[in-house]
Amino acid sequence: MKVAVKLGPIGEGPHIDTSGQLVTDSAGTRLVSRLLRLYPEAVVVGPEPRTGPGLQVVTLEDLDPTSTLLVNMEPLDSVACFQVLHRHLDEPRILNLVWTNPSSFHHPVNFAALGLSFAMFPTYCNSERTAGEVREVVQHWTAPHLASQARIDWTNLGVNVERASTRRPTDVPVVLYPAITLERRKRPGLFMDVVRRVARQVPLRAEARLQEQHLTSTAAMDMTREKWMWVGPLTTRDGYWDALSRTTAFLATAAQESYGLEYVEAMLEGVIGILPDTGWARALVPERYPYLYDSPAVAEQLLLEALRDPEACRRELDACVGGSFTAWIAARHNDDDFEHAFTTRVTEWFGAGAATHEPIVHHRERLA
């Protein structure tokens, strides 16, 4: 059986550059890249057929449901995908891969559609928190006889623990805005308010690397009014890790996260994480984690401590796990764990292990 990966709504696809390569500029596209490594013969679903180095893009209509598992990262339209693939009475195989919060939706129609999707198609989640939200949607929005057949599992998404590089000290401490968007749930205003107060007390440089549509927003322009704030575009993955190696601390201000990939990567690199005292943040760190805040004033004080004496803070992080804090992060957020658990569950649910060399796109020709 072959695997096809669909990132966005029907008719859309991930960003692919002019050379035909996948642009991994977001958590979603990086997850697509991981799936393509797991299943080397997999294809990506997009608006039109295309071929690039190590990448094949096909349309949803061209998939052969008799030999293909569709990994759908947009579960809101899994029922619509089923209708497309079921048009010739084939029985489509569809897996929901949930990597964002279901609670980010607000309209009852969307919740009802998600509930039906989660009940009818096996669903794999990027964290325990996300899986809990999926179960809540199923229980609240789906008929009991459908909800009872839901198949839901999860593993922490994890990070590539081998990507961390050697830390490079800087003369002026660097504070990271640890997100690539300025969405309301990320609360960039709170980030700026706290860092602004800290900047009055210690020299610092703050950095934000944003997706293009957010880079040109009014909020981004407002950020750059502060002389200590640098706002720029996303870099390559190597450039991203290089920047983390010279970052002192990050201040997380998001109201909710499904997992928290950027935070985990930063902590793996030795960046001191100032996190809100919320369920999503506590799920990332050890029980005795010392840098959780419940108010802007506490966030300010913790960030001050991190910038004034980062080595003392790192020693405190080590003490909270009785050893190496970065090793603790690596052990609990290793992407190998996710990939092993994911492929194992896919095999159990669909009998689909590694991709085969059988053709994936000839359904139309076969039926013509």
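1. Trp 154. Setting aside residues up to four places away in sequence, Trp 154 is in contact with Tyr 124, Cys 125, Ser 127, Glu 128 and Ala 131. The model is a predicted one, and the points below should be read with that in view. Trp 154 belongs to strand E8, which runs over residues 152-154. Its relative accessible area is 27%, so Trp 154 is partly exposed. Between Trp 154 and Thr 123 the C-alpha to C-alpha distance is 8.4 Å, with their positions 31 residues apart in sequence.

2. Helices H3 and H4. Helix H3 covers residues 108-120 and helix H4 covers residues 128-141; the two pack at an angle of about 105°, and their axes are 8 Å apart. H3 is therefore roughly perpendicular to H4, given that angles of 65 to 115 degrees are counted that way. From H3, the residues in the contact are Pro 108, Phe 111, Ala 112, Leu 114, Gly 115, Phe 118 and Ala 119. From H4, they are Val 134, Val 137, Val 138 and Trp 141. Sorted by class, the H3 contact with H4 comprises ten nonpolar residues, one polar residue and no charged residues.

3. Helix H14. Which residues of helix H14 (residues 325-332) are buried? They are Phe 325, Trp 328, Ile 329 and Ala 330. Residues three or four places apart in an α-helix point the same way, because there are 3.6 residues a turn. The buried residues of H14 pack against two helices, H10 (261-268) and H13 (310-321).

4. The largest cavity. How many cavities of 30 Å³ or more does the structure hold? There are three. The largest cavity encloses about 260 Å³ of space. Its lining is made up of 17 residues, and those nearest the centre are Ile 180, Arg 209, Leu 234, Tyr 240 and Glu 262. Helix H9 (residues 237-245) contributes the most to this lining, with four residues. By class, the lining of the largest cavity has nine nonpolar, three polar and five charged residues.

5. The second largest pocket. This pocket has a volume of about 270 Å³. Sixteen residues would be a long list to give in full; of the 16 that line the pocket, Arg 30, Arg 34, Arg 37, Asn 160 and Arg 237 lie nearest its centre. H1, H9 and H10 are the elements that give two or more residues to the lining. The largest share, six residues, comes from H1. The lining of the second largest pocket divides into seven charged, six nonpolar and three polar residues. H9 thus appears in two linings, as it also gives four residues to that of the largest cavity.

6. Thr 29. Thr 29 is found in helix H1, which spans residues 27-38. Is Thr 29 buried or exposed? Thr 29 is buried, because its relative accessible area is 3% and the limit for a buried residue is under 20%. Apart from neighbours within four places in sequence, the contacts of Thr 29 are Leu 7, Pro 14, His 15, Leu 22, Val 23 and Thr 24.

7. Thr 253. Thr 253 sits in the loop between strand E12 (249-251) and H10. With a relative accessibility of 2%, Thr 253 counts as buried. Not counting residues up to four places away in sequence, Thr 253 touches Arg 185, Lys 186, Arg 187, Leu 190, Phe 191 and Tyr 293. Leu 95 is 158 residues from Thr 253 in sequence, and their C-alpha atoms are 32 Å apart.

8. Arg 187. Arg 187, one of the residues that Thr 253 touches, has a phi near 50°, a positive value in a residue other than glycine. Arg 187 is in the loop between strand E9 (174-176) and helix H6 (188-199). Its relative accessibility is 33%, so Arg 187 counts as partly exposed.

9. Leu 89. Leu 89 also is not a glycine, and its phi is positive, at about 70°. Where does Leu 89 lie? Leu 89 is in the loop between helix H2 (78-85) and strand E6 (93-98). Leu 89 counts as exposed because its relative accessibility is 69%, and the class of exposed residues begins over 50%.

Conventions: Residues are numbered from 1 along each chain as its sequence is written. This is a predicted model: local features need pLDDT of at least 70, side-chain atom pairs count only at pLDDT 80 or more; totals for chains, interfaces and linings use all residues. Side-chain values use heavy atoms; hydrogens and water are left out. On a 1 Å grid over the protein atoms alone, a cavity is a set of points where a 1.4 Å probe fits but cannot get out, and a pocket is an open set with protein on both sides within 12 Å along at least five of seven lines; lining residues have an atom within 4 Å of a point. Grid points are joined across faces, edges and corners, and a volume is the space filled by probe spheres set on the points. Ala, Val, Leu, Ile, Met, Phe, Trp, Tyr, Cys and Pro count as nonpolar, Asp, Glu, Lys and Arg as charged, and the others, Gly among them, as polar. Axes are lines fitted to C-alpha atoms, for helices over the stretch in contact, and angles run from 0 to 180 degrees between N-to-C directions. Angles under 35 degrees count as roughly parallel, over 145 as roughly antiparallel, 65 to 115 as roughly perpendicular and the rest as oblique. Contact means heavy atoms within 4.5 Å. Buried means under 20% relative accessible area, exposed over 50%, partly exposed in between (1.4 Å probe, protein chains only).
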